[in-house]
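Reader: I'd like to learn how to read a few features off a model. Could you walk me through them one by one?

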Amino acid sequence: RMSHVSEMWCYHWRWKLQHCFCLFTTYIICMQQGAYGCYDCRIVLTDPSGIFTSPCFPSDYPNSQACKWIIRAPHGFIIQLTFIDFDIEEAPGCIYDSLTLDNGESPMNLCGITAKGLSYNSTGNEMIVSFKSDFSIQKKGFNASYVRIAVSLRNQKVIIPQVPDVDAVSVAETVSLPDLSQFTLCFEATKGNSDDNDDWKVFTYTDALSTEFFSFGKTTKGHFLSISGTQCILENALPRNAEFFTGTFQQLCIVGDSFSGSVGIYAKSTYHIVYCPGIFGKVIPGNGRLVLGSNTNEVSSLNGDIYNFRLWNFTMNVQTLANLSCDVKGNIVDWENEFWSIPTSALKAENNLSCGSYLIPSSAIEPTSCANLGSLCQATVNATTPTPPTVTTNMPDTNRNDKPNNGGMFYRISITVFSSSSNSVSKVHDVVAEWLNRTFQNWNYTVYVVNISIHPGSVKEGVREKRSIKSFEGLALLVYNSTNNINLEEEDIRQKLLSNNGTMEGGYKLQSVEVDPVEKCLAEENPPNYFWPDTRPTVTNFTLCHGSTVQTASRTCYLGLQNYTSYWGQPDLRNCTENAADIANQLLNLTGEGQQLTSDKVNDVVQKLKKIVNDEEIDESLGSTVVTIFSNILTSSDSVLAASSSEALKTIDALALKIQFTGPSMSISTRNLALGVSSINSTSFKGGSFSVSPQNNASDFQV
């Protein structure tokens with residue numbers, strides 16, 4: 001049971017004994033709300049998908065854990081959690097060890113093995129998973145995977161099915177399509193880079209007898225629009241011998257008018273009209289079925305993804321198409337869930353979709369008072385080392401702040417035990433473990449012992465004369481969670497052990513005991529320009545990459561389990577040498593909506609973008625990310641932009657000259673910045689034209 005008393009949580013624990021006749025002793029342990037005896041298991045998870053486990057999985061979880069994982073997604077998503085493996089101590093009402101799942105509606109407690117293989121959905125964009133274990137009986141724990149599922153189609157694309165009528169994606173049966181004499185159709189699509197097939201369809205519309213009346217695709221003759229049996233080749237509007245759709249999303253709008261026999265194509269900010277007399281007076285009949293891809297085995301489906309498919313029963317002019325925003329809904333078909341029938345296997349959530357929302361990652365680790373004991377988990381993996389006892393006791397009532405805690409989270413205990421009996425090392429191990437358990441059980445500090453090792457020792461000459469005297473050397477690690485900054489002296493530990501010498505069973509006697517705090521990893525510079533301060537064992541330190549105010553390097557102070565000494569791990573500088581796309585994505589998050597940008601930070605971002613543009617190969621995808629970052633920067637005040645605006649404009653110019661793209665031209669449009677580039681043959685060029693229009697009818701824009 002758990003009750004709240006004077007801003008503290010009180011847990012009423014019950015000893016669990018396996019015998020029929022037992023004495024139940026209830027201990028009341030009051031502690032501040034927070035984890036104790038745990039490793040870093042209070043974490044905020046914001047990735048689109050991932051896996052997390054109970055501490056030390058697949059080995060048994062330690063005693064006295066208090067973990068919490070908060071899984072967050074952007075608005076418009078829910079969280080689906082699946083337990084790949086699940087084994088937590090079973091008890092009525094899960095009163096001992098348990099996992100609590102808060103889906104935003106009704107928290108539930110889980111234990112035993114029944115949750116294995118089950119999935120749970122959140123009601124909103126956040127799910128909280130809490131795990132606790134008491135002081136005895138450990139199990140394997142759990143292994144869970146999570147994935148964000150987009151509630152709104154705005155946050156997900158659709159993988160076009162490649163086999164007709166198998167997991168088909170279609171307009172919902174509840175949507176009634178009218179007769180169409182005029183229409184405007186817009187969508188975005190991608191095509192696999194390795195697919196050389198030139199015979200495919202993006203969508204197909206048929207009547208109840210499967211007669212095709214409306215489709216768009218490509219053949220060896222070029223891209224086509226088919227209306228009521230007439231195939232109109234869209235030459236000059238879309239490339240015949242090159243791919244319009246690539247590995248990145250390209251938007252295409254098609255405007256059909258049977259009264260004039262014309263088809264308008266708006267692509268890459270360019271509008272072309274193709275006259276097709278065969279569609280004059282043709283009407284696309286209503287009440288049919290529209291599917292994405294092909295509906296027959298004779299013609300393939302476009303091998304790619306599709307997004308933001310919208311259909312109107314009227315024509316739009318070029319100005320309207322240029323200003324078309326995400327808020328303009330298709331009045332016949334829109335990119336919303338209620339308009340479509342889509343199997344889950346065809347849906348894929350993705351960041352940075354043109355009309356979607358993406359989550360700016362927050363802090364990965366929630367503040368906690370827990371020591372990171374992840375490196376200790378391997379102690380339970382060693383088959384030759386019996387499971388170490390774990391002791392959890394009440395905290396003292398007084399705070400001792402007279403001496404700073406000098407890294408004493410871990411203490412090395414070295415003991416020498418004499419025995420007159422001829423026992424094996426494993427027997428001595430069991431006796432010593434039991435004795436340590438009793439010794440620290442009722443102490444005024446929250447401590448537990450891990451990784452006890454015993455080996456035969458040497459007997460001094462004076463003692464050797466006594467018959468059958470054997471010596472054993474023991475080594476153990478005492479872990480102390482210094483909640484409330486209460487200090488624990490090594491001499492206190494030593495005296496506690498000596499005072500309980502007489503309680504060791506089996507004729508064993510404690511001959512000597514030494515207690516030493518495990519040292520910190522000492523401050524050092526490695527490699528040059530990377531400075532690491534004194535660090536406690538199992539703690540990871542972070543520092544900025546040299547010359548960066550954005551990217552970080554990390555280094556962990558490890559705890560060696562052979563002799564319980566600390567040592568530095570190798571610096572992790574992977575973030576400092578990431579590829580251009582990774583760096584650009586980090587900068588995109590850094591400059592995203594809601595981020596506070598200073599003049600220095602903007603200047604740092606511009607310098608990094610300049611380096612990317614100067615040093616890297618720039619394709620359309622990377623170029624789009626870079627332009628979006630510049631667009632984000634432009635939301636800053638004039639004073640913030642003053643020092644770096646000139647450099648930013650020069651970098652954009654350099655980007656325009658360097659970016660690689662397919663086709664005669666390309667354009668990138670963002671909220672505050674648009675970039676158009678054309679590839680021109682200098683020998684045949686006789687002039688050209690371009691158009692620029694503001695978004696959302698804004699009046700103040702510059703070319």
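Author: Sure. Let's begin with burial: a residue is called buried when its relative accessible area is under 20%, and exposed when that area is over 50%. Keep in mind that this is a predicted model.

Reader: Okay, let me try that out. Is S258 buried or exposed?

Author: S258 has a relative accessible area of 5%, so it counts as buried. You'll find S258 in the loop between β20 (250-257) and β21 (262-267).

Reader: Which residues is S258 in contact with, leaving aside its neighbours within four places in sequence?

Author: S258 is in contact with S181, I279, F280, G281 and K282, once those neighbours are left aside. With S181 there is also a polar pair to look at: a polar atom of the S258 side chain lies 3.0 Å from the backbone oxygen of S181.

Reader: Now a strand residue. Where is T184, and what is its relative accessible area?

Author: T184 is in strand β15. Its relative accessible area is 0%, and therefore T184 is buried.

Reader: Which backbone atoms lie by the polar side-chain atoms of T184?

Author: There are two to check. The backbone oxygen of F314 lies 2.7 Å from a polar atom of the T184 side chain, and the backbone nitrogen of M316 lies 3.1 Å from a polar atom of that side chain. Beyond four places in sequence, T184 touches I254, V255, R310, L311, W312, F314, T315, M316 and L321. Take L311 from that list: 127 residues separate T184 and L311 along the chain, yet their C-alpha atoms are 5.9 Å apart.

Reader: And Q65, which loop is that in?

Author: Q65 is in the loop between β5 (49-53) and β6 (66-72). With a relative accessibility of 3%, Q65 is buried. The Q65 side chain reaches the backbone oxygen of N63 at 3.1 Å.

Reader: Let's turn to nonpolar cores. What's the general idea?

Author: In soluble globular proteins, nonpolar side chains tend to be buried together. In this model, the largest nonpolar core has 53 residues, and the members that touch the most others are F183, F187, F216, L234, L252, F309 and W340. Several strands each supply at least two residues of this core: β15 (182-189), β16 (200-206), β17 (212-219), β18 (222-227), β20, β21, β23 and β25 (305-312).

Reader: What does L252 have contact with, leaving aside its neighbours within four places in sequence?

Author: L252 is in contact with L185, C186, F187, F216, L238, F244, F245, I265, Y266 and A267. There is also a second, separate core of 32 residues, which includes V626, I652, L673 and V677.

Reader: What about empty space? How do I look for that?

Author: Rolling a probe the size of a water molecule over the atoms shows where empty space is left. Here the count is four cavities of 30 Å³ or more. The largest cavity has a volume of about 70 Å³.

Reader: Which residues lie nearest the centre of the largest cavity?

Author: P164, D165, A168, L292 and S294 do, out of the 13 residues that line the largest cavity. By class, that lining has seven nonpolar, four polar and two charged residues. Strand β23 (residues 289-292) gives the most to the lining, with three residues.

Reader: Last topic: the backbone. Which peptide bonds should I look at for the cis form?

Author: Look at the bond from F57 to P58, which is cis with omega near 10 degrees. P58 is in the loop between β5 and β6. Another cis peptide bond joins N526 and P527, with omega about -10 degrees. P527 lies in the loop between β32 (524-525) and β33 (531-532).

Reader: And what is phi for S228 and N308?

Author: S228 is not a glycine, but has a positive phi of about 50 degrees. S228 lies in the loop between β18 and β19 (230-233). Its relative accessible area is 17%, so S228 counts as buried. For N308, also a residue other than glycine, phi is positive and near 60 degrees. N308 is found in strand β25, and at a relative accessible area of 4% N308 is buried.

Conventions: Residues numbered from 1 in each chain as written. Predicted model: local features only at pLDDT ≥ 70, side-chain atom pairs only at ≥ 80, totals over all residues. Heavy atoms only, no water. 1 Å grid on protein atoms, 1.4 Å probe; cavity = no way out; pocket = protein on both sides within 12 Å on 5 of 7 lines; lining within 4 Å. Points joined across faces, edges and corners; volume = space filled by probe spheres on them. Helix = DSSP H or I, 4+ residues; strand = E, 2+ residues; numbered from the N terminus. Nonpolar A, V, L, I, M, F, W, Y, C, P; charged D, E, K, R; others polar. Buried < 20%, exposed > 50% of the residue type's maximum accessible area, 1.4 Å probe, protein only. Polar contact = N/O pair within 3.5 Å; in protein donor to acceptor, adjacent residues only side chain to side chain. Contact = heavy atoms within 4.5 Å. Core = buried A, V, L, I, M, F, W, Y, C linked by side-chain atoms within 4.5 Å.
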